[in-house]
Number of protein chains: 2
Amino acid sequence: MKDFEKQVSAVKQELEDNKQRATSYDVARAAGVSQSAVSRCFKQGGSISKKMRERVQKVAVELGYQPNAIARSLITRRSNIVAVVINNNTNLYYPELLVELSRDFNKRGVHMLLFTLENESDVTNMLDQVWQYQVDGVILAAQLKDTQLNFFSERSIPFVYYNRTTESGPCNSVTCDVAEGERMLVDHLFKSKHKRFCLLTGPADSAVSKKRMQGALERLHELDVDDIQIVAGNYSYSSGYQQIKTLILEHQWQPDAIICANDIMALGAYDAAIKECNLSVPKDISIVGFDGAEPASWQSYQLTTVSQPLERMADAAVDILMQRIENSALPPEKRVFSGVFIKGKTCK
Amino acid sequence: MKDFEKQVSAVKQELEDNKQRATSYDVARAAGVSQSAVSRCFKQGGSISKKMRERVQKVAVELGYQPNAIARSLITRRSNIVAVVINNNTNLYYPELLVELSRDFNKRGVHMLLFTLENESDVTNMLDQVWQYQVDGVILAAQLKDTQLNFFSERSIPFVYYNRTTESGPCNSVTCDVAEGERMLVDHLFKSKHKRFCLLTGPADSAVSKKRMQGALERLHELDVDDIQIVAGNYSYSSGYQQIKTLILEHQWQPDAIICANDIMALGAYDAAIKECNLSVPKDISIVGFDGAEPASWQSYQLTTVSQPLERMADAAVDILMQRIENSALPPEKRVFSGVFIKGKTCK
DNA sequence: CATAATTTTGACTTCGAATTCAAAAATGGT
DNA sequence: ACCATTTTTGAATTCGAAGTCAAAATTATG
């Protein structure tokens with residue numbers, strides 16, 4: 001056995017005895033080089049000779065060495081971690097979003113720290129954690145107060161608002177053109193002679209719901225429709241079900257079209273209309289949603305809706321964020337995508 | 001202005017000028033104490049006088065200081081980060097799981113690094129990242145090869161298998177008693193005189209599907225049923241739809257009961273039976289699933305299924321993992337939960 | 001072959017918080 | 001008021017990789 005190999009296995013033995021993981025110093029010692037050399041060896045484009053690189057790499061593999069990302073982050077001031085914040089109490093369709101974001105970030109060697117918010121205290125906690133963990137950036141798929149957004153700006157942590165934006169002032173955001181989408185839906189309903197409209201909203205504090213309902217209302221007003229009833233749901237299937245059941249059976253007010261703030265509620269409304277009110281969809285009543293959630297396309301439903309281009313929106317969000325991380329001087333950017341009208345079978 | 005306040009605002013100014021975030025040294029300097037004191041102040045049960053704590057805290061707030069979690073992790077060898085790995089190409093119901101895990105971990109001040117796997121190279125990449133980021137532990141809601149599991153054991157990274165387990169040898173896992181669940185379903189069908197069974201499986205490489213289908217098969221054999229057809233799906237709604245449509249319309253073999261590897265496929269099967277084959281459920285054909293996914297309970301479906309106690313399972317997984325993180329000497333533990341039979345309306 | 005130009009290398013410092021240990025301060029008992 | 005005991009405090013070290021800079025090794029040039 002050569003001296004070289006002897007040294008390697010000695011170090012290896014020592015690490016095992018002490019149950020320690022290999023550090024760059026260990027690799028250096030085993031390979032008979034300096035720690036700097038090991039570091040450079042793992043750095044893209046580091047100034048290092050081929051011979052040295054091979055030698056170090058061989059030892060690194062032997063010892064199971066991988067650079068400690070924590071230590072690296074400390075000195076480089078780059079954690080390669082981004083926070084993704086989603087709002088849990090809304091039934092908007094986030095699962096697919098997470099997968100999509102994860103795919104995009106991983107491609108760039110960036111990792112996702114996931115935060116799910118349920119109440120206000122979660123928000124402040126999240127802000128603290130984001131700060132403590134030195135995340136490089138944040139994707140916000142949750143509604144925050146303006147003062148909470150300031151938290152990021154003050155600390156120059158780049159962030160992108162997903163599916164939301166700020167009305168006043170600049171910020172990075174990726175949204176779907178809600179007004180346009182709702183217009184398509186309303187126009188479609190109007191053209192087929194619907195007269196009495198019910199709007200089924202999301203939770204009162206949801207800006208997304210507000211935006212969508214407002215979009216629909218505006219168009220309805222433009223078309224001089226004023227037979228409108230507004231009912232408050234909370235994005236969930238059961239809220240859609242209950243609200244429509246109550247509206248029609250108890251309040252005895254029967255719309256000929258229901259415009260829902262999201263797809264899942266629309267499915268609830270659909271089931272209530274059919275099962276509870278003995279109505280036929282779309283003969284007696286039409287129903288539309290918004291999102292393009294998977295179940296909306298199932299045979300039993302085939303909901304008429306506007307589908308958000310989730311994949312492109314996720315790509316855009318990641319893109320915008322990564323750009324600001326690389327170059328903090330870039331000005332804010334709002335990217336707006338058009339939704340796709342899906343002609344289902346829940347409208348006349 | 002007192003000397004004290006003067007010093008604080010001087011430091012604050014300096015940080016702002018250099019666009020630096022406050023460190024414990026800055027706080028120490030501003031408060032006229034040592035860095036050690038600042039550190040102790042932020043440590044639960046640190047040996048520090050009330051007066052000092054208040055003084056430091058006041059300055060910390062003033063400077064917007066929060067301990068740098070990265071630096072802390074480096075010295076404490078505890079990142080307070082766990083990796084959660086989910087398999088993306090299966091349509092099992094993970095979204096709720098993520099929310100549940102997130103809630104539990106956050107309660108304990110632990111954060112989730114999310115990994116979604118799509119192919120084999122994602123796995124090796126994930127393993128490297130887990131190692132590099134010094135995660136304290138791992139929740140595995142994805143199928144891994146034995147050699148890949150060894151990666152964790154060799155490095156003594158605690159991990160918990162979710163919804164899966166190893167047959168041979170010990171490991172931490174949280175599962176639902178699949179055999180028992182399938183037995184309930186089969187028995188239910190058998191009692192109501194079903195004779196011809198179709199099993200609709202998940203993807204061939206899914207251990208979960210294998211387990212579930214095997215459970216159903218075993219019980220069927222015990223009951224001396226042998227009129228069984230096995231059809232391969234992939235957990236998705238559309239695979240369920242297509243496979244059942246094809247089976248009944250083209251192969252002209254009509255079962256009187258379909259046992260699906262998961263709920264979402266069962267819903268596809270349901271729709272295919274009704275819309276494509278003009279059958280009535282449950283009069284002509286019965287359908288059962290497994291999971292307790294949300295859409296299965298919707299009025300249009302009301303699927304008969306076995307529901308997994310997701311919340312308790314998530315709690316258990318977090319619990320087991322955190323225990324092993326605190327105390328690495330604990331022996332492995334397999335926790336098995338019973339599923340809950342949900343008598344829907346898709347069975348005679 | 002000598003010298004200049006270039007590349008490669010290693011010693012040392014840095015990032016920011018936690019911890020050890022000894023010194024200093026506060027407290028208690030008489 | 002004195003000494004013993006306990007509690008607080010701060011100086012110094014540590015974690016592991018990356019970057020700076022000067023020394024050493026290599027290559028190029030006349």
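Student: I've got helix H8 of chain B on screen. Which of its residues are exposed?

Tutor: This is a predicted model, so keep that in mind as we go. In H8(B), look at Asp146(B), Thr147(B) and Glu154(B), which are exposed.

Student: And which residues of that helix are buried?

Tutor: H8(B) runs over residues 146–154, and its buried residues are Gln148(B), Leu149(B), Phe151(B) and Phe152(B).

Student: Why are those four on the same side of H8(B)?

Tutor: General idea to begin with: an α-helix makes a turn every 3.6 residues, so positions three or four places apart point the same way. Now the case here. The buried residues of H8(B) cover an arc of only 135 degrees around the axis, which puts them on the same side. The exposed ones, Asp146(B), Thr147(B) and Glu154(B), are on the other side.

Student: What do the buried residues of H8(B) pack against?

Tutor: Three elements of chain B: helix H7 (120–132), strand S3 (137–141) and strand S4 (159–162). Past the helix, have a look at Ser156(B), which follows H8(B) and has a positive phi, near 40 degrees.

Student: Let's zoom out to chain A. How many helices and strands does it have?

Tutor: Chain A has 13 helices and 12 strands. To judge how spread out a chain is, you can set its radius of gyration beside a rule for globules. For the 348 residues of chain A that rule gives 20 Å, and the radius is 27 Å, well over it, so the chain is more spread out than a compact globule. The C-alpha trace spans about 90 × 40 × 35 Å along the principal axes.

Student: What share of chain A counts as buried?

Tutor: 53% of its 348 residues. Contacts give you another view: take those between residues at least 6 apart in sequence, and 71% of them join residues at least 24 apart.

Student: Now the DNA. Which residues are closest to DNA strand C?

Tutor: For a strand, start with what surrounds it, then check which of its atoms come close. Around DNA strand C there are 28 residues, the closest being Ser36(A), Ser49(A), Ile75(A), Ser24(B) and Arg72(B). Of the atoms of this strand that come within 4 Å of the protein, 63% belong to sugar and phosphate.

Student: Where could I see a phosphate oxygen of DNA strand C beside a polar atom of Ser24(B)?

Tutor: Go to the backbone of Ser24(B), where a polar atom is 2.3 Å from a phosphate oxygen of DNA strand C. Side chains do this as well: an N or O atom of Ser49(A) is 2.8 Å from a phosphate oxygen of the strand, and one of Tyr65(B) is 3.1 Å from a phosphate oxygen. By class, the surface near DNA strand C has 11 nonpolar, 13 polar and 4 charged residues.

Student: How many residues surround DNA strand D?

Tutor: 29, and the closest are Ser24(A), Arg72(A), Ser36(B), Arg40(B) and Ile75(B). Sugar and phosphate make up 63% of the DNA strand D atoms within 4 Å of the protein. Phosphate oxygens of DNA strand D lie 3.2 Å from a polar side-chain atom of Lys43(A), 3.0 Å from a backbone N or O atom of Asn68(A) and 2.9 Å from a polar side-chain atom of Ser49(B).

Student: Which element gives the most to the surface near DNA strand D?

Tutor: H5(A), with 5 residues. By class, that surface has 12 nonpolar, 13 polar and 4 charged residues.

Key
Residues are numbered from 1 along each chain as its sequence is written. Chains are lettered from A and ligands numbered from 1 in the order in which they are written. This is a predicted model: local features need pLDDT of at least 70, side-chain atom pairs count only at pLDDT 80 or more; totals for chains, interfaces and linings use all residues. Side-chain values use heavy atoms; hydrogens and water are left out. A residue is near a molecule or strand if one of its heavy atoms lies within 4 Å of it. A polar contact is a pair of N or O atoms within 3.5 Å; within protein, one must be able to donate a hydrogen and the other to accept it, and residues adjacent in sequence count only if both atoms are side-chain atoms. Ala, Val, Leu, Ile, Met, Phe, Trp, Tyr, Cys and Pro count as nonpolar, Asp, Glu, Lys and Arg as charged, and the others, Gly among them, as polar. Buried means under 20% relative accessible area, exposed over 50%, partly exposed in between (1.4 Å probe, protein chains only). Helices (H or I, at least four residues) and strands (E, at least two) are DSSP runs, numbered from the N terminus. The arc is that of the directions from the helix axis to the C-beta atoms. Contact means heavy atoms within 4.5 Å. The radius of gyration is taken over C-alpha atoms; the globule rule is 2.2 Å times the number of residues to the power 0.38.
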